[in-house]
Every structure is written in structure tokens, then in C-alpha cells.
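Thanks, everyone. Let me put the model on the screen and walk you through it.

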Amino acid sequence: MNGKNPWKSRAARFVAAQAVSLFGSSLVQYAIIWHITLTTSSGKMLAISTLCGFLPQLAVSVFGGVWADRFSRKSLIMLADGAVAAATLALALSMGLGYREMWLMFGVLAVRSAGTGFQTPAVQAFLPQIVPKEKLMRVGGVQSSVNSAITFLSPALGGALLSLYPLETVLLVDIVTAIVGISLTAGIKAGEQKRDAAVSGWKSLQEGFAYARQNRVLRNLLAFQVLTMFLISPSAFLTPLLVERAFGGEVWRLTASEMTYSAGMVLGGALIAAWGGFSKKLRTTLLAGGIYGLLMLGLGLSPVFLGYLACNLLIGATSPCYNTPMNVYLQENTAPEMQGRVFGLMQAVSSCALPLGMALFGPLADIVPISVLFVVCGILTAGTAAFTFRRRLLD
């Protein structure tokens with residue numbers, strides 16, 4: 001089968017590499033955020049960690065997109081993995097020597113964010129080099145399900161490891177998984193990459209902005225993305241604090257919250273892989289965004305933890321149905337030599353909107369009930385999707 005369809009072997013290897021790398025990254029991310037949540041119980045501290053986790057992405061993602069169009073995307077993916085693993089190792093060694101200051105964790109979150117800013121455009125632009133155009137939605141759905149399954153397992157394993165070992169020991173998992181992921185990626189044979197012919201990186205960046213301005217749908221999609229990401233930022237980053245304040249700060253509750261979201265993503269990835277979404281792919285993204293907004297009300301208004309988990313499961317299911325059709329649309333409708341820059345722009349607007357949202361909503365969470373933030377932002381998120389659909393801004 002794979003001899004007749006070599007793209008399947010390449011795709012499977014790439015999905016496996018990304019899943020292994022994600023496993024280690026998820027453990028580290030959960031470990032750091034839970035440590036901050038449980039030791040400070042502060043919305044301001046979560047806001048600072050969010051800024052550290054996204055502002056570097058904003059700073060480098062557009063340049064990461066330029067690099068993805070000028071240099072080997074496979075090499076960029078491996079280099080980013082290696083740099084993040086090195087930063088995590090430095091944190092583990094520092095903590096082992098007794099340096100446990102909060103700023104060290106913020107620093108590593110910033111390095112990890114910068115690595116993501118370089119890696120994400122390269123990953124999205126690399127897929128069309130190893131997968132036929134007509135199979136991108138299927139592979140995207142499978143990748144989403146596999147990665148979601150890994151994310152589903154990693155909070156439980158992370159919580160178990162954190163209860164048995166100090167944080168610096170748990171961080172070492174990320175080093176091992178990065179080595180495995182880099183090794184798998186190195187063995188992938190990709191199709192020829194059409195390189196950007198601009199004489200300078202700055203000119204390449206200008207060409208990327210001009211390309212986005214001249215494309216009406218792409219321009220509107222970027223605007224929709226930045227507004228939606230801003231509005232969902234409370235549900236993306238304040239859920240640990242919501243759980244801790246409304247239901248209790250036990251680690252098992254934080255673990256259950258992450259696991260239900262990830263389980264929903266597994267289901268959503270399987271759904272989008274089997275269904276494929278509407279023929280107009282961005283309508284699937286709009287529907288998922290509207291449903292996400294309505295479910296945010298459930299998170300904020302649920303009187304019992306079980307109800308919260310049910311809404312969280314369904315929110316997780318909307319995520320692949322939102323992201324996968326949008327990514328495939330861009331892969332199918334963007335010139336190959338421009339894909340890195342387009343995905344870099346998409347990463348940049350997301351990286352800008354989420355920390356801006358947390359800069360506002362994080363401190364507000366220490367003043368007003370978090371449930372109020374979830375309800376208001378949920379209504380506005382659903383309204384944004386409905387307005388965009390009604391005005392046919394993405395058709």
C-alpha cells in the first residue's frame with residue numbers, strides 16, 4: 001500500500017513526529033501553568049505567563065513565515081524543536097541547583113513561544129510538500145485526532161508525574177521526546193520546495209503583507225481570527241483559575257478539565273476527517289466558532305463540575321472543526337512560495353490577540369467573577385461568527 005502511495009508513509013512519519021514532540025511539550029506546559037496556578041492563585045500571574053507564552057510568537061512568527069519560504073521547512077521544524085528542548089533542559093538544571101524563581105519559568109515560556117512562532121508556519125507549509133492536495137483535509141483531521149489523543153493523555157500523566165517527582169524531573173520528559181521527534185522528522189523525504197526569490201528578508205515580508213491585502217477573503221479571515229482569538233482568550237487560559245475558584249484546586253480537577261477538552265478534540269478531529277466539512281470550508285470554521293461561543297456560556301454558568309466538564313468536552317470538539325478547514329483552505333488557495341508567510345501572518349494575529357485579551361481579562365478576573373467574563377465573551381464570540389456569515393465576508 002505504502003509502495004503505491006509513498007505519501008502515506010511520509011504523512012504517517014510526520015504525524016508521529018509531531019505527536020511525540022507534542023507529548024513532551026504538553027507535559028511541560030501543563031506542569032508550568034499548574035505550578036503557577038497552585039502556588040499563586042492569581043489572575044495577574046496567569047496573565048503574565050500568557051503574555052510570555054504569546055508575545056514572542058507575535059514578534060517572530062511573521063519572520064518565521066519568511067524563513068519558511070526561503071529555507072528548508074523541515075530543517076526549521078527540527079531546529080525549533082531543538083531550541084525549545086535546550087531551554088527546557090536549562091530550566092530543569094537551574095531548578096535542580098535550587099533556583100526556582102518565577103521569572104525562570106516565564107523565561108522558558110517565552111523561549112517556547114518563540115520556537116512555536118518559527119515552527120508553526122513551517123509545519124503548515126510543509127504538509128503540502130508531502131501530502132497530495134486532495135488528501136490535506138483527511139490528513140489534517142487525522143493529525144488533529146492523534147495530537148488530541150496525546151494531549152488527552154499528557155495531563156493525566158503529567159499530574160501523576162508531578163505528584164511523584166519534582167517539577168525539574170518532569171521537565172526532562174520534553175528533552176527525550178524532542179530527540180525522538182527530531183529523529184523521525186529527519187528521515188522524511190519531501191517534495192521539492194518552491195523557494196521565495198526575493199533578494200532580502202524585508203522584501204519577502206513586504207510581499208507577504210501585500211499578498212494578504214490584495215486577497216479579500218484572506219484579509220477578512222485575518223480580521224475574523226484576531227477578533228475571535230481575543231474574545232476566547234478567557235476560556236483558553238483562565239479555565240484553571242475558574243476550576244480552582246468555583247470547584248476546588250485539587251490537581252485531579254485541573255487534570256479532568258484538560259482531559260475532557262482534549263477528549264473533545266479527539267472526537268472533533270475524527271469528525272472533520274470523516275465528514276470533511278462543508279464544501280465552502282470556511283463556513284465550517286464559522287459554524288464551529290459560533291458553537292464555541294455558545295458553549296462558553298455553559299462553562300461560566302454551570303453550577304456543578306460535571307456540567308462544566310460536559311461543556312468543556314464539546315468545546316474541545318469544535319476546535320479541530322474550526323482550525324482544520326481554515327488551514328486546508330489556506331494550503332489549497334495560497335501560492336506555494338507564499339504559504340510560509342501567510343501562515344506566519346495567521347500565527348502573528350493569533351499571537352497578538354490572545355495576550356491582548358489576557359492583558360485585559362486576566363486582571364479583570366481578580367475584580368469581577370470569572371463566570372461573567374465567560375458569558376459576555378461567549379455571546380460576543382457567537383455574534384462575531386454570525387455577523388461574518390451573514391455578511392458573507394469569507395465567501
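Start with Trp 275. Its relative accessibility is 40%, so Trp 275 counts as partly exposed. For the cut-offs: buried means under 20% relative accessible area, exposed means over 50%, and partly exposed is in between, with a 1.4 Å probe and protein chains only.

A word on provenance. This is a predicted model: local features need pLDDT of at least 70, side-chain atom pairs count only at pLDDT 80 or more, and totals for chains, interfaces and linings use all residues. Residues are numbered from 1 along each chain as its sequence is written, and side-chain values use heavy atoms, with hydrogens and water left out.

Back to Trp 275, which sits in helix α11. Helices here are DSSP runs of H or I, at least four residues; strands are runs of E, at least two; both are numbered from the N terminus. Which residues join Trp 275 in a nonpolar surface patch? They are Leu 271, Phe 278, Leu 287 and Ile 291, and the patch covers about 450 Å². Patch residues have over 30% relative accessible area and no salt bridge, and nonpolar side chains (Val, Leu, Ile, Met, Phe, Trp, Tyr) are joined within 5 Å. A salt bridge is a side-chain nitrogen of Lys or Arg within 4 Å of a carboxyl oxygen of Asp or Glu. Areas are Shrake-Rupley, 1.4 Å probe. Helices α11 (251-275) and α12 (281-301) each supply at least two of the patch residues.

Now the whole chain. It has 15 helices and 0 strands. The radius of gyration is 20 Å, close to the 21 Å that the globule rule gives for 395 residues, so the chain is as compact as a globular protein of that length. That radius is taken over C-alpha atoms, and the rule is 2.2 Å times the number of residues to the power 0.38. Buried residues make up 55% of the chain. About 16,300 Å² is exposed, with 68% supplied by carbon and sulfur atoms.

Inside, the largest nonpolar core has 91 residues. Phe 14, Val 131, Leu 238, Tyr 308 and Leu 330 touch the most other members. Helix α13 (residues 305-333) gives the most to this core, 11 residues. A core is a set of buried Ala, Val, Leu, Ile, Met, Phe, Trp, Tyr and Cys residues joined through side-chain atoms within 4.5 Å.

Last, a charged residue: Glu 168, in helix α6 (residues 167-170). Buried or exposed? At 15% relative accessibility, Glu 168 counts as buried. Beyond four places in sequence, Glu 168 contacts Ala 92, Met 95, Gly 96 and Arg 100, where contact means heavy atoms within 4.5 Å.

Methods
Patches are made of residues with over 30% relative accessible area and no salt bridge: like charges are joined within 9 Å, nonpolar side chains (Val, Leu, Ile, Met, Phe, Trp, Tyr) within 5 Å.
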